[in-house]
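Please set out the local features of this model in a short report. Cover its open and enclosed spaces, one helix and one proline.

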Amino acid sequence: YKLKADSKKEVERAGWPAVIYDEELTMVDFESRTDLTPPANAEEFFSMILGYGSDYEFRKSAASRDDWVIPFKTHGQRGRMEVYNPYYKGVHVAGSCTLWYDKSGKMLRMEGSYQPINDFNVTPALTPNEAKEKMAMYLGVGVNDLDPQVIDDCYITFFPKAGRWQPRLCY
């Protein structure tokens, strides 16, 4: 789905250049300002730049790596990449946030996707079994023919509604 207007915006977050695309924070650049101190760690980034509330949690992913080639640096500079998956009220939110650090540990950039969610009900209307039955019926197959990992837990994703991206609870 695409919203009608191209909604890429260059903004600032706590003084740092950032990009918001379709209402989703997709990049914050910590290299462009020498008069500011970048966040010291992920927790400081999440509270200072994203300003997330107590309903949000960011869990470090196994995809995080030390000694990784930083894609936006020249000459193959290496650093650390930390990948975080957002959770809202304990439910996984589709997307992730990647933080890039240089070898000295200085945070360079955030890339990924972050959309704030406020006061969203995370109680599913269907049980996992009911969701599997509806999916099997929709696909015209038996429940046992579904990949067992198709529906293992609910998560939050975003779909457009009334010209804005709105959170939706999905299996």
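The sections below take a helix, a proline, a pocket and a cavity in turn.

## Basis

This is a predicted model. Local features are reported where pLDDT is at least 70.

## Helix α1

Helix α1 spans residues 42-50. Its buried residues are Ala42, Phe45, Phe46, Ile49 and Leu50. Viewed down the axis of α1, these buried residues fall within an arc of 105 degrees, so they line one face of the helix.

Both ends of α1 have something to show. At the N-terminal end, Asn41 acts as the cap. One of its side-chain oxygens sits 3.2 Å from the backbone nitrogen of Glu43. Just after α1 comes Gly51, with a positive phi of about 60 degrees.

## Pro167 in β11

Strand β11 contains Pro167. Is Pro167 buried or exposed? Its relative accessibility is 14%, so Pro167 counts as buried; the cut-off for buried is under 20%.

Which residues does Pro167 touch, beyond its neighbours within four places in sequence? The contacts are Ile117, Phe120, Ile156, Thr157 and Phe158. Gln115 is 52 residues away from Pro167 along the chain. The C-alpha atoms of Pro167 and Gln115 are nonetheless separated by 9.0 Å.

## The second largest pocket

The second largest pocket holds about 180 Å³ of space. Its lining comprises 11 residues. Leu126, Ala131, Lys134, Cys170 and Tyr171 lie nearest the centre of this pocket. Two elements give two or more residues to the lining: α2 (128-139) and β11 (164-170). Helix α2 gives the most, with three residues.

How does the lining of this pocket divide by residue class? There are 10 nonpolar residues and one charged residue, with no polar ones. Strand β11 therefore appears twice in this report: it holds the buried Pro167, and it gives two or more residues to the lining of the second largest pocket.

## The largest cavity

How many cavities of 30 Å³ or more are there? The count comes to one. About 60 Å³ of space lies in the largest cavity.

Its lining is made up of Glu24, Tyr56, Pro86, Val93, Ala94, Ser113, Tyr114, Gln115 and Phe158. By class, six of the lining residues are nonpolar, two are polar and one is charged. Two names recur from the Pro167 section. Phe158 lines the largest cavity and is in contact with Pro167. Gln115 also lines the largest cavity, and its C-alpha atom is 9.0 Å from that of Pro167.

Key: Residues are numbered from 1 along each chain as its sequence is written. This is a predicted model: local features need pLDDT of at least 70, side-chain atom pairs count only at pLDDT 80 or more; totals for chains, interfaces and linings use all residues. Side-chain values use heavy atoms; hydrogens and water are left out. On a 1 Å grid over the protein atoms alone, a cavity is a set of points where a 1.4 Å probe fits but cannot get out, and a pocket is an open set with protein on both sides within 12 Å along at least five of seven lines; lining residues have an atom within 4 Å of a point. Grid points are joined across faces, edges and corners, and a volume is the space filled by probe spheres set on the points. Helices (H or I, at least four residues) and strands (E, at least two) are DSSP runs, numbered from the N terminus. Ala, Val, Leu, Ile, Met, Phe, Trp, Tyr, Cys and Pro count as nonpolar, Asp, Glu, Lys and Arg as charged, and the others, Gly among them, as polar. Buried means under 20% relative accessible area, exposed over 50%, partly exposed in between (1.4 Å probe, protein chains only). The arc is that of the directions from the helix axis to the C-beta atoms. A polar contact is a pair of N or O atoms within 3.5 Å; within protein, one must be able to donate a hydrogen and the other to accept it, and residues adjacent in sequence count only if both atoms are side-chain atoms. Contact means heavy atoms within 4.5 Å.
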